[in-house]
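This report describes selected features of the structure shown below, moving from its open and enclosed spaces to the elements around them.

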Amino acid sequence: MLLAIDTGNTETVVGVFRGDELSLHWRSSTREDRTADELTLLIGGFLEREGLTLRSDVDGMVVASVVPAQTQALREVARNAFAFAPVVVEPGTRTGISILYDNPKDVGADRIANALAAYSKYGGPVVVIDFGTAVTYDAINAEGDYLGGAIAPGVEISLDALVSQTAMLRRVEPVAPDSVIGRNTVASIQSGLVWGFVAQVEGMVKRMVDELGGQARVVATGGQASLVAGLTHVIETTDPLLTLEGLRLIYAQNSDGGAR
């Protein structure tokens, strides 16, 4: 059984693969100061709810993390619970894709996993939009090369910035109002936040697809994907657990044998 862990700035997603099938997954908040002992209890608790244990049932572990302190803590979890080291997506880890960034070491582990999974599942060229704390746009060409992309503030941190930097505006639920023209302050904030975000996605996708030759599949993933995907025609597929699938593929390239 393979344990796949995707640690983002806001959320950590834990998945369990049996062979090629993602059979279980959970989400929890990410805390930079969470210790290895706390993570062991958290992950172990998820598994115990399904009658599984870390020590007896897990025979492989793969990690993508954009929070360095949590990367180290997860290494300690593996060291304490298993007789094997985890596969951590980092420079030197085999991925099977060429990274054509100016400095490949700068590409986040989650972006690499997304690129690999998207190309494997949908072919190329493909644009992957990951709606998380930040929104990342990643472009993969027809040959499966990772070309690069763009990074923008996510919905929640955009709202945080608006509320914290203005005296009269308050936090609202990030949902799309019926009209782009808001008739009150709440609807106006929601319109700017959600419909403004949709306009950003549509503009960015058009520019990226043009640079890719005029045609590309567009796939959305991440915790906020459902907020935007249903409001625009440019997103063809929503695949919320794409990163975990990429981690499974990376694990297969860096392990002597597949997990049971």
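## The second largest pocket

In this predicted model, the second largest pocket has a lining of 14 residues, and those nearest its centre are Glu-90, Pro-91, Pro-104, Val-107 and Ile-112. The space in this second largest pocket comes to about 260 Å³, and its lining divides by class into 7 nonpolar, 5 polar and 2 charged residues.

## The largest pocket

The largest pocket has a volume of about 630 Å³. It is lined by 32 residues, among which Gly-8, Asp-130, Phe-131, Gly-132 and Thr-133 are the closest to its centre. Two or more lining residues come from each of strand 1, strand 2, helix 4 (109-122), strand 6, strand 7, helix 5 (155-164) and helix 8 (242-254), and the largest share, 3 residues, belongs to helix 5.

By class, the lining of the largest pocket consists of 10 nonpolar, 13 polar and 9 charged residues.

## Strand 6 and its two neighbours

Strand 6, which gives residues to the lining of the largest pocket, covers residues 126-131, and 6 of its 6 residues are buried. Val-126, Val-128 and Asp-130 point one way from the strand, while Val-127, Ile-129 and Phe-131 point the other way, and the residues of both sets are buried. Two of these residues, Asp-130 and Phe-131, are also among those closest to the centre of the largest pocket.

Strand 6 pairs with strand 7 (residues 134-140) in the antiparallel sense, through 6 bridges, and a hairpin of 2 residues connects strand 6 to strand 7. Within this pairing, Asp-130 is set opposite Thr-136 of strand 7. Strand 6 also runs parallel to strand 9 (residues 217-221), to which 5 bridges join it, and here Val-128 has Val-219 as its bridge partner.

## Helix 8 and the position of Glu-21

Helix 8, another contributor to the lining of the largest pocket, has 13 residues and spans 19 Å from its first C-alpha to its last, close to the 18 Å expected at 1.5 Å a residue. The helix is mostly covered, with 10 of its 13 residues buried; these are Leu-242, Thr-243, Leu-244, Glu-245, Gly-246, Leu-247, Arg-248, Leu-249, Ile-250 and Tyr-251.

How far apart in space are Glu-21 and Arg-248, C-alpha to C-alpha? Although 227 residues separate Glu-21 and Arg-248 in sequence, their C-alpha atoms are 9.5 Å apart in space. Glu-21 belongs to strand 3 (residues 21-29). Because its relative accessible area is 54% and the cut-off for exposed is over 50%, Glu-21 counts as exposed, whereas Arg-248 in helix 8 is buried.

## The enclosed cavity

The count of cavities of 30 Å³ or more comes to 1, and the largest cavity has a volume of about 40 Å³. Its lining is made up of Ile-5, Thr-7, Thr-12, Val-14, Ser-28, Leu-39, Leu-42, Ile-43, Gln-70 and Leu-74. Strand 1 (2-7), strand 2 (11-18), helix 1 (36-48) and helix 3 (68-81) are the elements that give two or more residues to this lining, with helix 1 providing the largest share, 3 residues.

By class, the lining of the largest cavity holds 6 nonpolar and 4 polar residues, and no charged residues.

## Aromatic pairs

Across the whole structure, a search finds 4 aromatic pairs. One of them is formed by Trp-26 and Phe-46, which are stacked with 5.2 Å centre to centre and 5° between the planes. Since Trp-26 lies in strand 3 and Phe-46 in helix 1, this pair ties together parts that are 20 residues apart in sequence. Trp-26 and Phe-46 are both buried.

A further aromatic pair is formed by Phe-82 and Phe-84, also stacked, at 4.7 Å centre to centre and with 5° between the planes. Is each partner of this pair buried or partly exposed? Phe-82 counts as buried because its relative accessibility is 10%, which is below the cut-off of 20%, while Phe-84, at 27% relative accessibility, counts as partly exposed.

Conventions: Residues numbered from 1 in each chain as written. Predicted model: local features only at pLDDT ≥ 70, side-chain atom pairs only at ≥ 80, totals over all residues. Heavy atoms only, no water. Buried < 20%, exposed > 50% of the residue type's maximum accessible area, 1.4 Å probe, protein only. Helix = DSSP H or I, 4+ residues; strand = E, 2+ residues; numbered from the N terminus. Pairing = 2+ DSSP bridges. 1 Å grid on protein atoms, 1.4 Å probe; cavity = no way out; pocket = protein on both sides within 12 Å on 5 of 7 lines; lining within 4 Å. Points joined across faces, edges and corners; volume = space filled by probe spheres on them. Nonpolar A, V, L, I, M, F, W, Y, C, P; charged D, E, K, R; others polar. Expected span 1.5 Å × (residues − 1). Phe/Tyr/Trp six-rings, centres within 6.5 Å; stacked < 30°, edge-to-face > 60°.
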